Amino acid sequence: MRTNRWLLGLAMSVSVVALAACGSQGDDAKPQESSAAAEQSPGADSADQSQQNQQSKPNTKDIPKVVAEVNGKKITKEEFVPLFETQYQQMQMQAQQSGQPVNEKDLKKQTAENLVSTEVLVQEADKRKISVTDKDVDKGLKESAKSGQMSEKDFLKAMKDQGMDEKKVRSELQNQMKIENLVEDEYGEFKVSGEEIGQAYEQAKTQQEQMAQQGGQQQEMPSIDEMRPQLKEQVKNQKSQEATQKFAKKLRKQADVTINL
């Protein structure tokens, strides 16, 4: 079973943003900008920290109670906000490096589109009676926490800080696993050729060389044989992701969708 990418992304986001002040890419506890500011001015008091944290929050007051509807199924503000805030935190961190401000309007639309795509896929999975057991969800939860470099307890706490309690996390994880199984049902298992692994290796090598030039530190690249399992999974995940987007686009055309943003 491949680990689901959505919750993994959230976990990674939780780790970089939130637990970076406490530890990892997950997002909300204390943004990295706050800790950076604290380093620049060690005497900053708690009021300053609070103000910085407040500035890092996006505006969610104008979001309607029902963000979208998909074939009569409502996507609510309560479902939308945690994901939107998480993505905002990630984009804000990137903005600090690029100097470009986060476009909240575009990000809201993108988040809504992502949720609509997820919903059309889940509905199709349910039509095909594709199910995911509690045991599968338990395993996926452990993998998501591990990928975020957190314990399961810390991962769930970070998600709760984001507005997602354990029940909601497990529900979202179950949906994402349904989607993975749906895509496999539609397209079959994705095969990876030796040539594709070689291309992925060369890309990784180029990226490492670029990072070394920027950072001034040269690290030895592992051999392709050492990286083969990782590269194979990477290519397989990329193919699965592309197929998921393609299938969601197809289902979206057949669905009755309204977005209220």
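At 52% relative accessibility, K157 counts as exposed in this predicted model. Its salt-bridge partner is D161, with the closest N and O atoms 3.4 Å apart. D161 is partly exposed, at 42% relative accessibility. Because the two residues lie four places apart in helix α7 (residues 152-161), about one helical turn separates K157 from D161.

This pair belongs to a total of 16 salt bridges in the structure. Side chains of opposite charge can pair when their charged atoms come close. Another such pair joins D62 to K108, where the closest N and O atoms are 2.9 Å apart. Here the bridge links distant parts of the chain, 46 residues apart: D62 sits in the loop between α3 (46-55) and β2 (66-70), while K108 belongs to helix α5 (residues 104-127). K108 is buried, with a relative accessible area of 9%.

R128 and E124 also meet through their side chains in a salt bridge, at 3.0 Å from N to O. The two partners differ in burial: E124 counts as buried at 15% relative accessibility, whereas R128 is partly exposed, with a relative accessible area of 28%. Both residues take part in a network of salt bridges that also includes D185 and E186.

The nonpolar interior is considered next. In soluble globular proteins, nonpolar side chains tend to be buried together. The largest nonpolar core of this model has 28 residues, and those touching the most other members are I63, I75, F80, V120, L121 and L182. At least two residues of this core come from each of β2, α4 (77-98), α5, α8 (166-187) and α10. Helix α5 supplies the largest share, eight residues. A second, separate core contains 13 residues, among them V132, V137, M159 and M177.

The surroundings of I75 illustrate the packing around one member of the largest core. Leaving aside residues up to four places away in sequence, I75 touches K65, V66, V67, A68 and V70, together with L115, V116 and E119.

Helix α10 (residues 224-254), one of the contributors to the largest core, consists of 31 residues. From first C-alpha to last, α10 reaches 43 Å, close to the 45 Å expected at 1.5 Å a residue. The helix nevertheless contains a kink of about 40°, centred on Q230. Its buried residues include M227, L231, V235, A243, F247, A248 and L251. Also buried in α10 are K236, N237, S240 and T244.

Conventions:
Residues are numbered from 1 along each chain as its sequence is written. This is a predicted model: local features need pLDDT of at least 70, side-chain atom pairs count only at pLDDT 80 or more; totals for chains, interfaces and linings use all residues. Side-chain values use heavy atoms; hydrogens and water are left out. The expected span of a helix is 1.5 Å times one less than its number of residues. The bend at a residue is the angle between axes fitted to the seven residues ending there and the seven starting there. Buried means under 20% relative accessible area, exposed over 50%, partly exposed in between (1.4 Å probe, protein chains only). A salt bridge is a side-chain nitrogen of Lys or Arg within 4 Å of a carboxyl oxygen of Asp or Glu. A nonpolar core is a set of buried Ala, Val, Leu, Ile, Met, Phe, Trp, Tyr and Cys residues joined through side-chain atoms within 4.5 Å. Contact means heavy atoms within 4.5 Å.
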